[in-house]
Amino acid sequence: MKVLVVGGTGYMGKRIVKASLAGGHTTYVLRRQEIGVDIEKLQTLLSFKADGARLVEASFDDHRSLVEAVQLVDIIVSAISGVHFRSHHILLQLKLVQAIKEAGNIKRFVPSEFGIDPSKMSHALEPGKETFDEKMRVRKAIEDANIPFTYVSANCFAGYFVGGLCQPGKITPSWESVSLLGDGNVRAIFVDEDDIAAYTIRMMNDPRTLNKTVYIRPPENILSQRQVVGHWEKLINRVLEKTSISGENFLTIMKGMDHAQQAGLGHYYHIFYEGCLTNFDIGDDGEEASELYPEINYVRVDEYLKRYL
Ligand code: NDP
């Protein structure tokens, strides 16, 4: 297939580019005119080119250039930014949807989601709710334009959540102590980012995933915070000192933080106090990735943690 990756130099996007190339697809990567003299970005793009990708110059401020980029391919995967403390441009995809609609040739669009299913988050806490609302606005535009789609609900990126033993603001595990969110027994789902990319590339042209949400729920990685901590304790052969923070205290602490931190903490609250990743069954409008693609040997949380030793 011919695939265009939008947001290809990002944290998730670069993995999608690599997985697409590894899958033997003709891979185009959007090169935004706006990157100016961002040398790191340019070097990343050039490394994709050296690996066989084709760079397409376009701008979100130039509709015609987007349409022309879209016309080159069959499938578009977007991994545009959507994390408040990094960068948040989910709604730019509305311009992409307009271009896809006009081009009329796209067989599948995978918008930038890769997290909590936004359709289940109408009750979410502000300001983090913005992420879900914006992702839902993009979904509506896609569906109103009758564009074939697949939505990817990838649950927790392992790098953000496993690395810090599920503690907000931490991305490496402690050898001494851990702060448990509530009783630490609410189950979440953790996925290696490269596995998310591999599943995404597999599902993007699969008839079974057409116009569906695909949840990535690797069975052995459906774990509580205590279980993640337990894996780490086994690896380091020592027991961490544990304290616990109640839901009420968590929300109080959250209120004193800046906008970006509040948005992130709100998501943690829904995952680790409310159980929003695991408190529902997948319905007829969804599929589960590890069932669809059992041949993908996903990274287990205990394996993932070994990289921090
Ligand atoms: P990044 O912050 O890495 O950004 C991705 C890309 O967005 C950038 O590389 C850039 O692409 C593009 N971008 C950034 N700013 C602009 C702009 N002003 N105009 C146009 N494009 C811009 O994104 P992530 O990889 O962190 O996030 C991707 C998705 O994953 C999001 O939907 C996010 O919500 C989700 N996510 C989920 C997590 C989870 O645990 N489930 C954790 C983190 C993210 P380029 O310059 O290449 O064009």
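**Ligand shell, helix H1 and Phe-109**

Visitor: How far is an oxygen atom of the ligand from a polar backbone atom of Phe-157?
Guide: The model is predicted, and the distance is computed from its atoms. The pair joins a ligand oxygen to a polar atom in the backbone of Phe-157. A polar contact requires N or O atoms within 3.5 Å. The separation here is 2.9 Å.

Visitor: How much of the ligand's accessible area does the protein cover?
Guide: On its own, the ligand has 910 Å² of accessible area. The share of this area covered by the protein is 88%.

Visitor: Which residue has a polar backbone atom 3.0 Å from an oxygen atom of the ligand?
Guide: Met-12 also offers a polar backbone atom to a ligand oxygen, but that distance is 2.9 Å. The residue with the 3.0 Å pair is Gly-10.

Visitor: How many residues of the shell around the ligand are charged?
Guide: The ligand is surrounded by 28 residues, and the closest include Arg-32 and Arg-86. Strand S5 (82–83), strand S9 (156–157) and helix H6 (158–161) each contribute at least two residues to this shell. By class, the shell has 12 nonpolar and 11 polar residues, and its charged residues number five.

Visitor: Which elements do the buried residues of H1 pack against?
Guide: Helix H1 spans residues 13–22, and its buried residues are Gly-13, Arg-15, Ile-16, Val-17, Ala-19 and Ser-20. Their packing partners are strand S1 (2–6), strand S2 (26–32), helix H2 (39–50), strand S4 (75–78) and helix H7 (193–203).

Visitor: Which residue just after H1 takes a positive phi?
Guide: Helix H1 covers residues 13–22. Just past this helix, a phi of about 80° is found at Gly-24.

Visitor: Why does Phe-109 count as buried or exposed, and what is its relative accessible area?
Guide: Phe-109 sits in strand S7 (residues 108–110). Beyond its neighbours within four places in sequence, Phe-109 contacts several residues, among them Leu-96, Val-97, Ile-142 and Phe-149. Buried means under 20% relative accessible area. Phe-109 is therefore buried, as its relative accessible area is 0%.

Visitor: What separates the C-alpha atoms of Phe-109 and Ile-75?
Guide: Along the chain, these two residues are 34 residues apart. Their C-alpha atoms are separated by 5.9 Å.

Visitor: How far apart are the end C-alpha atoms of residues 2–305?
Guide: An unreviewed UniProt entry annotates residues 2–305 as "domain: NmrA-like". Over this range the chain is 39% helix and 19% strand. The end C-alpha atoms lie apart by 35 Å.

Key. Residues are numbered from 1 along each chain as its sequence is written. This is a predicted model: local features need pLDDT of at least 70, side-chain atom pairs count only at pLDDT 80 or more; totals for chains, interfaces and linings use all residues. Side-chain values use heavy atoms; hydrogens and water are left out. Helices (H or I, at least four residues) and strands (E, at least two) are DSSP runs, numbered from the N terminus. Buried means under 20% relative accessible area, exposed over 50%, partly exposed in between (1.4 Å probe, protein chains only). Contact means heavy atoms within 4.5 Å. UniProt positions are given in the numbering used here, feature names are shortened, and annotations may be inferred rather than shown by experiment. A residue is near a molecule or strand if one of its heavy atoms lies within 4 Å of it. A polar contact is a pair of N or O atoms within 3.5 Å; within protein, one must be able to donate a hydrogen and the other to accept it, and residues adjacent in sequence count only if both atoms are side-chain atoms. Accessible areas come from the Shrake-Rupley method with a 1.4 Å probe; for residues, only the protein chains shown count as cover. Ala, Val, Leu, Ile, Met, Phe, Trp, Tyr, Cys and Pro count as nonpolar, Asp, Glu, Lys and Arg as charged, and the others, Gly among them, as polar.
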